[in-house]
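Reader: I am a first-year student, and I would like to understand how the words used for a structure follow from their cut-offs. Could you take me through them with care?

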Amino acid sequence: MSRTRDDLPGLQVERTLLAWDRTALALLANGALLLLRGTPERPALLLATTAALVLALAAAVLGRIRARAVRSAQTSTAPEPRAEVLLLGTGVAAFGLLLAVIAVLG
Amino acid sequence: MTEDERATVEEQDPDYRFTLANERTFLAWLRTSLGLLAGAVAVVHLVPDLGLPGARQVIGAVLAALGVAVSITGVLRWRAVQTAMRRGLDLPPTRAPLLIGIAIAVLSVAVLVLLAAFARGA
């Protein structure tokens, strides 16, 4: 089946890649926020900071994987980001859970 | 739906623009979650004492819990919308953005009240 994308196909992919990058930047900002009071010494804070930075990297990488997958599709459909959504979604949820525990236990 | 009815629902890959739009919406949910989590960190670690002991911890925990709920909602919503698109159905409605807005407003008022009532003047 030949490609039938006859609108401006590159722009949608571009917007989506930028959305992944914005999410990576938001994760970076959350990590930086945890560092505002100096290098964390308590293990929970250290873990949370590391998690934020790792997730930021993951978002950047996943964004590129998605862009490549969508661009190389041969039809007017695209592979679904099922694994990417699950990975980043549960990652952020776990990060949030850690922050909730830190807030309560100090 | 009975087993037979479920089996005969046709599923098709949606146009790539719909898949990408759903993907971007999911990422917007995640960024909303991260905004709430940043608020939690700020309230617990970075703002001066609100006057009432334990208030920061409670507000911080509530914000973090909201952040977790929003990120999970984002994943579930992505799935529900993607399935609806595959089956050519109407997109499922959601009141979550309205509820999040209300929660943020309530928490903001709570912080302002605490500041007015308990915090030492600068």
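Reader: Why is Arg86(B) called buried?

Author: In this predicted model, Arg86(B) has a relative accessible area of 18%, and buried means under 20%, exposed over 50% and partly exposed in between, with a 1.4 Å probe and protein chains only as cover. Because 18% is under 20%, Arg86(B) counts as buried. The residue lies in helix H3 of chain B, where helices are DSSP runs (H or I) of at least four residues, numbered from the N terminus.

Reader: What makes the pair Arg86(B) and Glu80(A) a salt bridge?

Author: A salt bridge is a side-chain nitrogen of Lys or Arg within 4 Å of a carboxyl oxygen of Asp or Glu. The closest N and O atoms of Glu80(A) and Arg86(B) are 2.6 Å apart, so the pair falls within the 4 Å limit. This pair crosses between chains, from the loop between helix H2 (43-71) and helix H3 (82-105) of chain A to helix H3 of chain B.

Reader: How do you know that Arg86(B) also pairs with Asp13(B)?

Author: Their side chains meet at 3.0 Å, N to O, and 3.0 Å is therefore within the 4 Å of the rule. The two residues are 73 residues apart, with Asp13(B) in the loop between helix H1 (3-8) and H2 of chain B. Salt bridges that share partners join Glu80(A), Arg82(A), Glu11(B), Asp13(B), Arg86(B) and Arg87(B) into one network.

Reader: Which word fits Asp13(B): buried, partly exposed or exposed?

Author: Asp13(B) has a relative accessible area of 44%, which lies between the limits of 20% and 50%, and so Asp13(B) is partly exposed.

Reader: Why is Leu98(B) called exposed?

Author: Leu98(B) has a relative accessible area of 55%, and because this is over 50%, the word exposed applies. Leu98(B) is placed in helix H4 (residues 96-118) of chain B.

Reader: What is the area buried between chain B and chain A?

Author: The value is about 3,400 Å², of which carbon and sulfur atoms give 69%, and buried area is the accessible area (1.4 Å probe) that two parts lose on being put together, summed over both. In this interface 33 residues of chain B are in contact with 43 residues of chain A, contact being heavy atoms within 4.5 Å.

Author: As for conventions, residues are numbered from 1 along each chain as its sequence is written, and chains are lettered from A and ligands numbered from 1 in the order in which they are written. Local features need pLDDT of at least 70 and side-chain atom pairs count only at pLDDT 80 or more, while totals for chains, interfaces and linings use all residues, and side-chain values use heavy atoms, with hydrogens and water left out.
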